[in-house]
Every structure is written in structure tokens, then in C-alpha cells.
Amino acid sequence: MANERNLSLKKELIIDTDVHLQIKPDEIAKWIDEPFKSIMTKGHIGNPLPDSGWDRSMAGKIEKRLITGPEDIQEKLCEEFHIDHPIINSFGKVGKASMSRLAVALARGYNDLVLEKYLDDYPHFYGQITVAMQDPEAAAEEIYRMGDEKQYIGVFIDNTGPNPPLGDPRYDVVYRAAEDKGLPIAYHAYDSGFIVDFPRQNAGVETFFAVHVLTHPYAHFLTMTSLFEHGVPEKFPDLKFVFLEGGVTWLPYMMYRLNKVHSIRRFDAPMLKKTPEEYIRDQFYISTQPVGEPNNQEDMRKIMEVIGFDRMMFSSDYPHFDFDHPEGLEKFLRVNIPAKDRKKVLSGNAKEVYGI
Amino acid sequence: MSDHIVADVSEIGDGERILVELKGREVGVFYLDGEYYAFANWCAHQGGPWCEGTLTGTFEGEFNRDTLEYRLNWVKEGKILNCPWHGWEYDVKTGVCLSRRSVKLPSYPVRVEDNKIIVTL
């Protein structure tokens, strides 16, 4: 339905930094070799990738949304949501695959699938290279293998699952590869990984409400802390780090807490030459969804001003159940902040970070 | 500004310090590697008495991007002053805070005349 709000969105250049696909085992199986093809399709227990079994159905209250092909993205996101450039992310369960060889094969297969099925015929679509951090050397190889594809504009890491946490020096080879190829690193947590990283909490809570509230901030807290513990942003000064699907309001808390503890225990993180805040304001970015919802909208403006409008990039997380329609954020930004800052959040920062 | 004799050189050995009060301010006078240093006894963090902290070494990180070798080296033994309240680290020769390089503690000129240590404040 054409109305005033859609016209307003239509005028904006919008880059969506977090769009998801559903890739079923039968589909990915076509893109991988044996024995992994059989592992994905002939197991007697079904999908070999672990899930925690939490109810995501919304109890039948809303219809399930699916993206099963590029035409869905074109129709639902580009036309209905007025997204100019969707960035396709995720084969999230790769991060939890118990067999590292399977994880590596799946990541390669997924990247080939996305390139051929989603990117080749849609030059305004972009994607991020999924890597399996269970095998850092293979992850680096995958970055070099795919890094010259023009529509692959970043490296996508599931940050629920990898152990030790992602600042560990064993992953330096991956960060060096991304820096070599000029690709930012994007971290994205998955609710299905909560059971892996936080098994005690997973067993203790009662509902998916609790799991979903906690998964993304827990994962981002752990990843960001680990990056600073081992000085990753100092080791790779040209690398950019993107934290997806955590909303924005967690960042000030972590930024200032990291500053505080770093000043007291600098000798524990001695690679750092600056305060964590300085690295964050130089090399770190966050996607907006799920944008927090204060009862007083003015509070969000204040928090965004603290974060800075050059750090935030719009994301929808479509088609997941807590997606943000660009209408909400665009309207909020239009009313509350200067136009140049609105444009940075809707597209300018993503253009710069991802080189779009 | 005026000169204040704070001690005889024999009173501060290498790696030692004294605390004096000059014009109502607490001042720490350090002797390290043949040089004297004088600082206000005030930490930039929360105002702690940093001149009363321990002198230790600290870790520095070293990274080789080509080999990915990552090492932590214990360095500057006896030259890092840790504020006794929260452990903020300062290089005692410069007063620069190691975690916040833009923070430098107020220092005062020190000189020796006729074996007397003189602080100008």
C-alpha cells in the first residue's frame, strides 16, 4: 500500500546489514562433497547441526516468514521495505557443528551457494563470507578463496559456539586474512548457540523469552572482551569489527566497563596502546536491530548521541521474528536527529565500512 | 614559585622515595637510575595517593604480524608506579599513565645543590 511513509523510505538510500536465509540440509547438500553430503541428508537422527529445541513459533500467533530464494529478498525487502542493498548473512549453525571438517565443508558450500544463487543475478545484493572458526587455517583459506568476489564484502562469524572466545591468538590467522583482503569482520550470535556457550543458564531458564534476551548481549560481551584481552584491534589496526543483532544500547555499557577494568588491569591486556573506547570509536561498528525500545523515545536519542552516529548501521534481521522494519528507525531518526546523521545510519556508514 | 629543600641526597637511595608536604600539598620525590623526580601525590583516577604505591615492572605485548607470534614481556622492573587504590600504572620517569597515554601527572622541577635535593613549587 503506497502511503506517505513508504514514499519517505523510498527516497532514502537504505543498506540492510543483516538479512538471513533459511538453508535446509537437502539444499546445502547439493553444494558439498562426500562424505558431508551424506552426513547432511542420510543421518537417522535428522539434521546433524545441533539446536537447543526452544520454541520459536510464536505459538502460532504470527505467520512464519521465510526467504527461500533471491526473489523473496527482492520482493519482500527491496520492494516492500525499500531496501536498496541487502547484505546476506549466515549459515549460523556452522559455528556449532561438532565436526570441524563438516563445518568447513558447510561454510564453503554455503558461500558457493549464495554466490551463485543469490548474488550473481542480483548485482545490488551483497553477502558476507561465512567461515568456520573451528578450523582457523581453513577459515583464512576461505577468506582468500572468496575475498576477491566483488559482492562478498565482509567476513561473517557466528560468535555463539567458538571456544576459546574469539580474541584468542589461534584466530589471528583469520583476522590477518580479513585485513589482507580489506574485509570487515562481522559477529552474529544465534539463539541455537545459547545452549553451547551457556549450558547452565540454558537449563535454568523457562522460556525462549529469556534465551533470546540473553543470547546476543552475552555473546557480544564475551567476544568484545576477548578481542580486547588479546589486543586484536591493536594487532590488526586496519581491521573493522561489526557486531550484529545486539541493538545499540549495550555498547556504552561495555565501552565504559572495558575502559574501567583496563585502566586497573592493563597488564592483563598489554597489547592495547589506547583505551578500549578509542579502539571502539575507531574500528568498531554495530547494527541497529533489534533497536531498544525505551518508554521515553528521548532516551534513545541520548544513547545514540553517546554512541555516535558514525558507529551505527541499519539492519532489519528479516525474516526473523524480531525484525525491525526500516519505517520505525527512519521515522525516529527523521524526527530526532539531523539529516546527515540519519543518512549515515541508513546507508553511509555501511557504504564506508563495507566499501559498497 | 619557590625552592624547597626536601632532603639530603643521602636520605633517598636508588629506587627509593620520600613524601613531603610543600605549600599544603603532598609531594613524592623519587630517585631512580641517577635522576630525581617529584610528583603531586594525587592519582588522576580518583585522587588516590599514587606516590605511596609499589614500584614494580609490568607486561608489554609484542606481536609479529608475519609469523603471528604473540609474546608478553615483563619489562621496566622497578620503574612502574602503581596507585595503591586501584593499581593505575604510571611510568615514574614521565608520570604518564600506561592505560591512558593522554594522562600525565603534575610534576615539579627537582635539582641538587650542595647535596641538598631542592623541589621548585
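Which residue of S8(A) does A:Ser287 stand opposite? The answer is A:Met313, and the points below place that pair in its surroundings. The structure is a predicted model.

1. The sheet of chain A. Eight strands of chain A make up an open sheet with parallel pairing, and their order is S1-S2-S3-S4-S5-S6-S7-S8. Strand S1 (15-20) and strand S8 (312-313) occupy the edges of this sheet; each has a single partner strand, so one side of each is left without a neighbour in the sheet.

2. The S7 and S8 pair. Strand S7 of chain A covers residues 284-287 and is joined to S8(A) by two bridges, the two strands running parallel. A:Ser287 belongs to strand S7 of chain A, and A:Met313 in S8(A) is the residue opposite.

3. The setting of A:Ser287. Is A:Ser287 buried or exposed? With a relative accessible area of 0%, A:Ser287 is buried; the cut-off for this class is under 20%. The side chain of A:Ser287 reaches the backbone nitrogen of A:Glu245 at 3.0 Å. Beyond its neighbours within four places in sequence, A:Ser287 is in contact with A:Thr17, A:Phe243, A:Leu244, A:Glu245, A:Gly247, A:Val248, A:Met313 and A:Ser315.

4. The partner serine. A:Ser315 is located in the loop between S8 and helix H15 (326-336) of chain A. Its relative accessibility is 0%, and A:Ser315 therefore counts as buried. The side chains of A:Ser315 and A:Ser287 are joined by a polar contact of 3.2 Å. Setting aside neighbours within four places in sequence, the contacts of A:Ser315 are A:Asp16, A:Thr17, A:Asp18, A:Ser287, A:Thr288, A:Gln289 and A:Asp324. A:Thr17 thus appears in the contacts of A:Ser315 and in those of A:Ser287.

5. Strand S2. Five of the five residues of strand S2 (residues 85-89) of chain A are buried, so this strand is largely enclosed by the rest of the structure. In a regular strand, side chains alternate between the two faces of the sheet. In S2(A), A:His85, A:Ile87 and A:Asn89 point one way, while A:Pro86 and A:Ile88 point the other way, and all are buried.

6. The neighbours of S2. Four bridges connect S1(A) with S2(A), and these strands run parallel. In S2(A), A:Ile88 is the bridge partner of A:Val19. Towards S3(A), S2(A) is held by two bridges, again with the strands running parallel. Here A:Ile88 stands opposite A:Gly127 in S3(A). A:Ile88 is accordingly matched with A:Val19 and with A:Gly127.

7. Strands S3 and S4. Strand S3 (residues 126-130) of chain A runs parallel to S4(A), and four bridges join the two. A:Gly127 has A:Tyr152 as its bridge partner in S4(A). Strand S4 (residues 152-158) of chain A is mostly covered, with seven of its seven residues buried.

8. Helix H7. Which residues of H7(A) are buried? They are A:Asp172, A:Val173, A:Val174, A:Tyr175, A:Arg176, A:Ala177, A:Ala178 and A:Glu179. This helix, residues 172-180 of chain A, is mostly covered, since eight of its nine residues are buried. A:Gly182, which follows H7(A), has a positive phi near 70°.

9. Chain B overall. Chain B has zero helices and 10 strands. Its C-alpha trace spans about 55 × 30 × 20 Å along the principal axes. Of the 121 residues in chain B, 44% are buried. About 6300 Å² of chain B is exposed, with carbon and sulfur atoms supplying 47% of that area. Among contacts between residues at least 6 apart in sequence, 46% join residues at least 24 apart. The chain carries 13 positive and 19 negative side chains, and the centres of these two sets lie 6 Å apart.

10. B:Phe59 and its contacts. B:Phe59 is part of strand S5 (residues 55-64) of chain B. At 27% relative accessibility, B:Phe59 counts as partly exposed. Although B:Phe59 and B:Trp74 are 15 residues apart along the chain, their C-alpha atoms are separated by 4.5 Å. Leaving aside neighbours within four places in sequence, B:Phe59 is in contact with A:Arg266, A:Phe267 and A:Pro270 of chain A, and with B:Leu72, B:Asn73 and B:Trp74 of chain B.

How values were computed. Residues are numbered from 1 along each chain as its sequence is written. Chains are lettered from A and ligands numbered from 1 in the order in which they are written. This is a predicted model: local features need pLDDT of at least 70, side-chain atom pairs count only at pLDDT 80 or more; totals for chains, interfaces and linings use all residues. Side-chain values use heavy atoms; hydrogens and water are left out. Buried means under 20% relative accessible area, exposed over 50%, partly exposed in between (1.4 Å probe, protein chains only). Contact means heavy atoms within 4.5 Å. Accessible areas come from the Shrake-Rupley method with a 1.4 Å probe; for residues, only the protein chains shown count as cover. Lys and Arg count as positive and Asp and Glu as negative; His and the chain ends are not counted. The place of a charge is taken as NZ of Lys, CZ of Arg, CG of Asp or CD of Glu. Two strands pair if DSSP finds at least two bridges between them. A polar contact is a pair of N or O atoms within 3.5 Å; within protein, one must be able to donate a hydrogen and the other to accept it, and residues adjacent in sequence count only if both atoms are side-chain atoms.
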